[in-house]
Amino acid sequence: MDRLMETIVAMTPGAGPSAADAIGGSDDPVISAAPAPQMMLLDFFFPGFSIFSAAVQKTLHIDLNLYIPLVLLAGGLTFVWQYFSEYAWKQVEAYLMSVVDIRTDDEIYNMLMTWVASQRFAQGARRFVVNTNLSSRSWFLYKWDDDEDEDGEGAEEDSSGRQKKKALAYTPTFGSHWFWFKGRLLIFRRTQGAPQSYGYSVSEKEEISISCFGRNPWVLKELLHEARTSYMKRDEAKTLIYRGTTRSGSTEPTWQRCMSRASRPFSTVILNDKVKKDLIDDVTDYLDPNTRRWYSNRGIPYRRGYLLYGPPGTGKSSLSLALAGFFKMRIYIVSLSSVTSNEENLASLFAELPRRCVVLLEDIDTAGLTHTRDNGNGTPTTDTDSSTSTTTDMVPGQLTPGNPAGGGGGNKETGGRLSLSGLLNILDGVASQEGRVLIMTTNHVEKLDKALIRPGRVDMTVKFDKADGGMTAAIFRAIFAPLEGDDAPRATAGVGTKYADLAEALEAERVAAAVRAREREATLVRVEGLAEEFAGRVPAHEFSPAELQGYLLKNKRDPEAAVEGAAEWVVETRKDRKEKELRQAEEKRRRRRRGKRARSASRRSRRRRGARAGRTRATSRRPRARTRRRRTRRLRRRAPTARRRASR
C-alpha cells in the first residue's frame, strides 16, 4: 500500500511540500512531507487539481477540500435522479400513455407532415427542417405542397405582387416537441432511425410518432382524421395519378404517387357525343352500389373493362384522365414493358388496388402481348410484317417475348418477361381484385391476342379515328372560345379611392360586366364562323386531333391567322409525312440489305469452316491409309512362308 501511494505521489504533478502546506495549512512534518490521500487520488484522476486548489485558497481564501463531499454528493444525486427519472418515464410511456407510430413508406406520412407544417408549434420551433419538395415524387420522402402550380395556394408573393414558384414549409427537427390539441397535451417525436442499406437518405430513415397521456387513444385518432381530411381537401378538384414501382432499396412492388392533375372536364374530350354519353352511362351504372349487389347476388365477378384503340394522338389517354376526374377516382398506371413487370410483381400491385379506381394499361400492344408464335425450330415468329408472316392465336401459358432489359431485340435474357396466362389470371383470375375500372389503350388492336380482348375482359370497345369536320371545328372552338379564367383579374375599386360611394362603384362594376358579356358573345359568334371556315380548309379523316391542336396552339392568340395559314399547314404536313415515309422506307431497305449481307456472310463463314474441316479430315486420313497399305504389303510377303510351314 505504501508503495502504491509513493507511486501515485511520484506520478502526480505538483505534489510536494508546498502543495501540502497549501492544502492542510499544518506545521506537522508528516503532513508537510506528503499530501493527503484524497488529494493524491483527485490529482490522479484530475491532473493539476492540487495546484488549482492551492491557487484558489491563496487568492480567494477558499478551501475547496471542504466542498468536495458536496460535489460528490450532488453528482451522485444527479446520477440517481437521471436513472430513476428515465425508468419512471419508461413506465409511464408503457402503462399510462398512448402512442401512434407513422410509417414513412405510407401516404399517411405525407398527410401528417402536411398537417404538422401548418401548426403553430412547428412554425415557432427554434430548430426546424425547411423543405420545398420541388423534385419529391416518392412516398419515402416527405412531400408538402409538391403538386401545387406556380399560381396555386403554395406560391408566395413578394412585395411587387409577383408570384414565386414555391412556398417554404417548416417542420420540427429531430427530437421531442410538445403541443396542445383539443385541450390535450401531445408529444410529437421525430427521430433518426438506424442506418439502412446503401441508398437510403436521412428522410427515408427517420421515424415519427405522436403520443398522449392516457390509455384512451381517441385524441390521436381524431388528429389523424383531421390531418387526412385537410390533406384530401387539396385534391378535391384534382385527379391523383399513381404508378407501379419498387420500394427504395428493395425489390418489393408498391404504388407510388407521381403527380396530381387538375380534373379535366369531359366536355374538352373531342369525341363523338353519342360515344361519350354511352361510356359515361355505362361507367355510372357500373359504379352504382345497387349494381355491385346485383353482381354479387348472381355470382358474376364485379369487374369492368374498356378497350380504347386508334391511331396515336387521337385522345385515348385524355379520355382516361377525363373519365377518372369525372367520377373522382384515382388512376393507377401499369407499365407492362417495364423490366420488373413479372407475374409476381403485377399480382402484388393489383392486390393493393382500392375497390374504386381506374387501372390504365397504356399501349398494351408494345408490351409483347401480340401474336407471338413458336415455329418448328423453336424460335419465335412475330407479326412485324403482316404481309409476310402468318399468325395464329396465342394459347394460355405461352411466354411473350416482352421488352429486353437492354432495349435490344436480340437479348434473350429479358428481365420483364410476362406470360399471357399470368396476365389473364391477374386481370380476371380467382385472386383478381374487384371493383376497379380497367382501361387498355392500343394503337394496333389487330396485334392483340383474342384471349386478351374477349367479352368478359373487355366489355366495351371505343374506337378513336382521325378528326372529321365536326371534330376539327370543335377543337377550334375549344382553343379560341373565351372562358372565365382567361382574362387577368381586374382590380376592384373601393370606397374612397375612385368613386364617392359604394352605389356608384357597384354600378360601374355592373356596366363593366355587361360590356364584357357583350364582348364575349361577339367573340363566340366570330369564333363559331371561323371554326366552320377552318374545318372546311382542313381535309377530314387525315389529321389527328393532336396534330390539329399543336398547330392551333401556335396561333392561340390570333384565330384569323390560324384560319389563313391552314391550307399552307396542310401542304407542309403532307410533305413532311411523305419525306418521313420515304426515310422510313429507305431505312427499312437498308436494314433488309444489312440483314441479307449478314446472312450471306454467315453462309460463307459456315462454308469456309466446313471446307477447313473437310481438309483437316482428309489430311488426318492420309497417314492412316499409308499405314494400312504397309500392313497389307507385309502380310502379303509373309503369306507364302506361312503356307509352306502349314504344309509341313
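**Exercise 1.** How many of the 6 residues of strand β9 (residues 304-309) are buried?

*Solution.* Begin with the source: this is a predicted model, in which local features need pLDDT of at least 70, side-chain atom pairs count only at pLDDT 80 or more, and totals for chains, interfaces and linings use all residues. Residues are numbered from 1 along each chain as its sequence is written, and side-chain values use heavy atoms, with hydrogens and water left out. Next, take the cut-offs: buried means under 20% relative accessible area, exposed means over 50%, and partly exposed lies in between (1.4 Å probe, protein chains only). Strand β9 is then mostly covered, since 5 of its 6 residues are buried.

**Exercise 2.** Find the strands that β9 is joined to by bridges, and name a residue pair for each.

*Solution.* Strands (E, at least two residues) and helices (H or I, at least four) are DSSP runs, numbered from the N terminus, and two strands pair if DSSP finds at least two bridges between them. Strand β9 runs parallel to β14 (residues 437-442), with 6 bridges joining them, and here Leu307 has Met440 as its bridge partner. Strand β9 also runs parallel to β15 (residues 460-463), through 4 bridges, where Leu308 stands opposite Val462.

**Exercise 3.** Decide whether Glu568 and Lys596, both in helix α20, are exposed or partly exposed.

*Solution.* Glu568 lies in helix α20 (residues 566-647), and it counts as exposed because its relative accessibility is 51%. Lys596 also has its place in helix α20, but its relative accessible area is 48%, so Lys596 is partly exposed.
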